Amino acid sequence: MSDSAALPSGGAWQRFGHHPALATLRKLSRIPQAVFGVVVIVATVLAAVLAPWIVPVDPEEMDFANLLSGISSEHWLGSDQMGRDTLARLIVGAQVALMVSVGAVGLGVAIGVPLGLISVYFRGFVDDVIMRLMDALVVFPSLLIAVGLAAAMGGSLATVILAIGLANVPWMARVIRSQGLMIRELDYVAAAQAGGMGHLRIIAKHILPNGVAPVIVQSTLSMGYAVLTEAALGFIGVGIQPPTPTWGNMLQQAFPMLDQQPLLSVVPGLAIFVLVLAFNFVGDAMRDILDPRLKGVIH
Amino acid sequence: MLEVMDLEKHFPVRKGLFGRVTGHVHAVDGVSFTIDAGETLGLVGESGCGKTTVGRTVLRLLAPTAGSIRVDGDDITRLGNRELRPYRRRMQIIFQDPFSSLDPRMSAADIVGELLGVHGVAKGTERRERVAALFERVGLRADQLDNYPHEFSGGQRQRLSIARALSLNPELIVCDEPVSALDVSIQAQVINLLMDLQAEFGLSYLFIAHDLAVVEHLSDRVAVMYLGRIVEFADRQTLFENPQHPYTESLLAAVPVPDPSRARRKRHLEGDVPSPVNRPSGCHFHTRCPYATAQCRAEEPRLKAIAEGHEVACHLR
């Protein structure tokens, strides 16, 4: 009832209100976990984008007067063993975390989705070759790919994005393929073929738009895992190298100080936890809304 | 307009780890017919007899295994996707399922106008005007142009399908059971629409159905299919008044007559259609035929003319 009141009246808006994408957003706003998730993600994105203006001090500036300080008026979230401000490092670390999650998932989608679509549409030999390649890629965990790549190319933002992105490719390909298996048999695809539409156009206009929902779900969940993987890589020291602050290498540097200044570990740890949780909440909520097999079970 | 010769479509049956082909489904097994301009050919038969496969193969939505398809004398059996395009414009299809035949993410105007864009017929405002005209022609309102498929009823969706099929001014429309998913009252409206359109545009129809009453109402000629083959072929009146094949006879006997005082001899068919993978020897129908003889079990009957324009595949005729 409340949703119709929330929409502005008037021709164009009313028509737009019928669009399926808008219905998804409306449903999302009714799930508390999803709202929490969206708020956290939006806050993180704002912090990352506005970093140059909101960072209190240079994250690499050392304040030797306040080493390992707790919460204080100078350092709101404390400082580390070299006197660097934790809040500043956390905000800059958020930039890295988001760049990695968006970059890696974007890479996975950009490579995986076209492969999956080609695979499912052209069937047969093409399908076999692509999907066996994807199977081969699944065998390697993203952590292993990352360690290998870092060893070969050195730990940098690009390496981390490439490693996590490659690990995402087969999952994206599989998800869109599983949708395509059903969609390609539907009559509207046959109607498009009978109407003389080209293969690529049918894929782009019919199969992709109707199969994209689970890819959105998978992408949201994968962003959470990407944040986690980036932190793990940073922690074991093969990720993005210091002095660039990342939540992973902040944890790594804080770990030896755990008994002297636990706050130093708690802050990045909590940041990772909350952001991953937010992505998972939104992803789960999207799945509840978009996956017809679960429809009605949750709400 | 359309000439189909000895059309065959087999689907391989694959088994095991390496997808070894262990057999074939003979969905269509040597079907020949012609459709003249402005004519309706009814194609009837039980579920699984290959009627839909015939319709889809004729449109080259499925690649034929053997045989030939000619449009005004041009062989389109082996044409590639690009060469096929000009012929695609001339032959369209309407489907049985009013739900899966429309893309749920496109507006009605986009669905109906999509093919105009594909063939570069009309763009922008001109396209919208043509779509609006098509809407009006099939009995939809212009204020429904921007609605999505889920906002239409089953009958309206079928009208959308018809409008899409009409958009390119085709000469032939394959109607694959276009009314069997609809309420009886709506069926009549859609059938009347199809007949009006035929009269107006001189369309040819390949009308696939299992409802004999509908076929009788619409068709000029009727082909009866059983297990991938045409077993009887005649003009409408002959077929319904003087069926010659035992299968046609039993199909007609199964049509309910809305007159309780008219007692009919009932002869229902026993059993199911045999498997199109392991087909019966000789005449495919001998396993269920009340008149089957030793010859029927051993020898395959060919379609032969028993009168002008009346062909039957049965040893007993």
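**Two helices, then a sheet**

Let's start in chain A, where helix 6 (residues 86-122) packs against helix 11 (residues 199-236) at an angle of about 145°, the axes being 8 Å apart. The crossing of helix 6 of chain A past helix 11 of chain A is right-handed. On the helix 6 side of chain A, the contact is made by A:A97, A:V100, A:S101, A:A104, A:V105, A:G108, A:V109, A:V113, A:L117 and A:Y121. Look at how those numbers step along the helix: an α-helix has 3.6 residues a turn, so residues three or four places apart point the same way. Helix 11 of chain A answers with residues including A:H199, A:I203, A:I207, A:V215, A:S219, A:M223 and A:E230. Sorted by class, this helix 6 to helix 11 contact of chain A has 15 nonpolar, five polar and one charged residues. Keep in mind throughout that this is a predicted model.

Zooming out, what is the rest of chain A made of, in terms of secondary structure? It comes to 13 helices and zero strands. Of the 299 residues in chain A, 44% are buried. If you take the contacts in chain A between residues at least 6 apart in sequence, 67% of them join residues at least 24 apart.

Chain B has a sheet to follow. Eight of its strands form an open sheet with mixed pairing, in the order 6-7-8-3-9-10-12-11. At the edges sit strand 6 (91-94) and strand 11 (304-307) of chain B, each of which pairs on one side only. From one strand to the next, the twist averages 25°. Walking in from strand 6, you can see strand 7 (residues 172-176) of chain B run parallel to strand 8 (residues 204-209) of chain B, with five bridges joining them. Within that pairing, B:L172 stands opposite B:S204. Helix 1 (residues 51-58) of chain B lies across strands 3, 6, 7, 8 and 9 of chain B, and runs at about 150° to strand 8.

Strand 9 of chain B is a good place to pause. Are its residues buried or exposed? Six of its six residues are buried. Both faces are covered, with B:R221, B:A223 and B:M225 on one side and B:V222, B:V224 and B:Y226 on the other. Strand 9 of chain B pairs with strand 3 of chain B in the parallel sense over four bridges, and with strand 10 (residues 229-235) of chain B in the antiparallel sense over six. You can pick up both pairings at B:R221: B:L41 stands opposite it, and its bridge partner in strand 10 of chain B is B:D235. The hairpin of strands 9 and 10 of chain B has two residues between the strands, and there B:L227 takes a positive phi near 50°.

The sheet also leads into the packing. The largest nonpolar core has 156 residues, among which B:L206, B:F207 and B:V224 touch the most other members. Its largest share, 17 residues, comes from helix 6 of chain A, the helix we began with. In soluble globular proteins, nonpolar side chains tend to be buried together. For a closer look at B:F207, set aside its neighbours within four places in sequence: it is in contact with B:T40, B:L41, B:G42, B:L43, B:C175, B:V215, B:L218 and B:S219.

Next, the place where the chains touch. Chain B gives 20 residues to this contact and chain A gives 16. On the chain B side, helix 2 (81-88), strand 6 and helix 3 (108-118) each supply at least two residues. That side divides into eight nonpolar, four polar and eight charged residues.

Helix 3 of chain B is mostly covered, with nine of its 11 residues buried. Among the buried ones are B:I111, B:V112, B:E114, B:L115 and B:L116. The cover over the buried residues of helix 3 includes helix 4 (124-137) and helix 5 (154-166) of chain B. After helix 3 of chain B comes B:G120, with a positive phi near 60°.

One last stop is B:F99, in the loop between strand 6 and helix 3 of chain B. Why does B:F99 count as partly exposed? Because 15 other C-beta atoms lie within 10 Å, while a buried residue needs 20 or more. Its C-alpha atom is separated by 7.5 Å from that of B:G154, 55 residues apart along the chain.

Technical notes: Residues are numbered from 1 along each chain as its sequence is written. Chains are lettered from A and ligands numbered from 1 in the order in which they are written. This is a predicted model: local features need pLDDT of at least 70, side-chain atom pairs count only at pLDDT 80 or more; totals for chains, interfaces and linings use all residues. Two strands pair if DSSP finds at least two bridges between them. Axes are lines fitted to C-alpha atoms, for helices over the stretch in contact, and angles run from 0 to 180 degrees between N-to-C directions. Two residues are in contact if their C-beta atoms, placed from the backbone, lie within 7 Å. A crossing is left-handed if the near helix is turned anticlockwise from the far one by less than a right angle, and right-handed if clockwise. Ala, Val, Leu, Ile, Met, Phe, Trp, Tyr, Cys and Pro count as nonpolar, Asp, Glu, Lys and Arg as charged, and the others, Gly among them, as polar. A nonpolar core is a set of buried Ala, Val, Leu, Ile, Met, Phe, Trp, Tyr and Cys residues joined through C-beta atoms within 7 Å. A residue is buried if 20 or more other C-beta atoms lie within 10 Å of its own, exposed if 12 or fewer, and partly exposed in between; C-beta atoms are placed from the backbone.
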